[in-house]
Amino acid sequence: MSANGSSPPDLEAAAARLQRALAHLEDKLDGVFERLDANRDFEVESEALRTDRARLANDLDAARARERELQLLADEASEVLGAAISEVREALGKV
């Protein structure tokens, strides 16, 4: 400081540049924090999609297993029905 209580011009200019730099830094940080918040939203949504995908994959596996079981039962019922039809035809042929 000078004797009259004011700052030297170089110090005032440096302080002004520092203020501008800090304001610029704050603006940039605001942008970074906004992008981070947006990424958190994407991460939450992405995790929800992964959870849904895993649940759907399990449901699909269960449905396929049930389909195989039903197909085996249908094949078995078809064989039994075919045998019953043959027996009925045979019985009718003897009448």
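Here are some questions and answers about this predicted model and the reasoning behind its labels.

Q: What makes up the secondary structure of the chain?
A: It's a short list: 1 helix and 0 strands. Helix 1 covers residues 9-94.

Q: How do you know that the chain isn't a compact globule, going by its radius of gyration?
A: Set the two values side by side. A compact globule of 95 residues would come out near 12 Å, but this chain has 40 Å. The C-alpha trace also spans about 135 × 10 × 10 Å along its principal axes.

Q: How many of the 95 residues count as buried, as a percentage?
A: Just 1%. To be called buried, a residue needs under 20% relative accessible area. The chain exposes about 8600 Å², and carbon and sulfur atoms supply 59% of that.

Q: Why is Leu-25 called partly exposed?
A: Leu-25 has a relative accessible area of 45%. Buried means under 20% and exposed means over 50%, so with 45% Leu-25 falls in between and gets the label partly exposed.

Q: What makes Leu-25 fit for a nonpolar surface patch?
A: Patch members need over 30% relative accessible area and no salt bridge, and Leu is on the nonpolar list. At 45%, Leu-25 clears that area cut-off. Leu-25, found in helix 1, shares the patch with Leu-18, Leu-22, Leu-29, Val-32, Phe-33 and Leu-36. Together the patch has about 590 Å² of accessible area.

Q: Why is the group with Asp-30 called a patch of negative charge?
A: Asp and Glu count as negative, and the group consists of Glu-26, Asp-27, Asp-30 and Glu-34, so the charges are alike. Asp-30 sits in helix 1. With a relative accessible area of 44%, Asp-30 is partly exposed, and that value is over the 30% a patch asks for.

Q: How are the charges of the whole chain placed?
A: There are 13 positive and 21 negative charges, and their mean positions are 3 Å apart.

Q: Why do some side chains pair up at all?
A: Side chains of opposite charge can pair when their charged atoms come close. The structure holds 4 salt bridges, and three examples come next.

Q: Why is the contact between Arg-40 and Asp-37 called a salt bridge?
A: The cut-off is 4 Å between a side-chain nitrogen of Lys or Arg and a carboxyl oxygen of Asp or Glu. Arg-40 and Asp-37 meet at 2.6 Å, N to O, so the pair qualifies. Both lie in helix 1, 3 residues apart, which is about one turn of the helix. Arg-40 is partly exposed at 46%, and Asp-37 is too, at 42%.

Q: How do you know that Arg-50 and Glu-47 form a salt bridge?
A: Use the 4 Å limit again. Their closest N and O atoms are 3.0 Å apart, so the pair passes. These two are also 3 residues apart in helix 1, about one turn. Arg-50, at 47% relative accessible area, is partly exposed, and so is Glu-47 at 41%.

Q: What makes Arg-66 and Glu-69 a salt bridge, and what separates them along helix 1?
A: Their side chains meet at 3.0 Å, N to O, and that's within 4 Å, so the name fits. Because they are 3 residues apart in helix 1, about one helical turn separates them.

Q: Are Arg-66 and Glu-69 buried, partly exposed or exposed?
A: Arg-66 has a relative accessible area of 41%, and Glu-69 has 41% as well. That lies between 20% and 50%, so both are partly exposed.

Definitions and conventions
Residues numbered from 1 in each chain as written. Predicted model: local features only at pLDDT ≥ 70, side-chain atom pairs only at ≥ 80, totals over all residues. Heavy atoms only, no water. Patch = residues over 30% accessible without salt bridge, like charges linked within 9 Å, V, L, I, M, F, W, Y side chains within 5 Å. Areas by Shrake-Rupley, 256 points an atom, 1.4 Å probe, with all protein chains shown as cover. Charge placed at Lys NZ, Arg CZ, Asp CG, Glu CD. Helix = DSSP H or I, 4+ residues; strand = E, 2+ residues; numbered from the N terminus. Buried < 20%, exposed > 50% of the residue type's maximum accessible area, 1.4 Å probe, protein only. Rg over C-alpha atoms; globule rule 2.2 N^0.38 Å.
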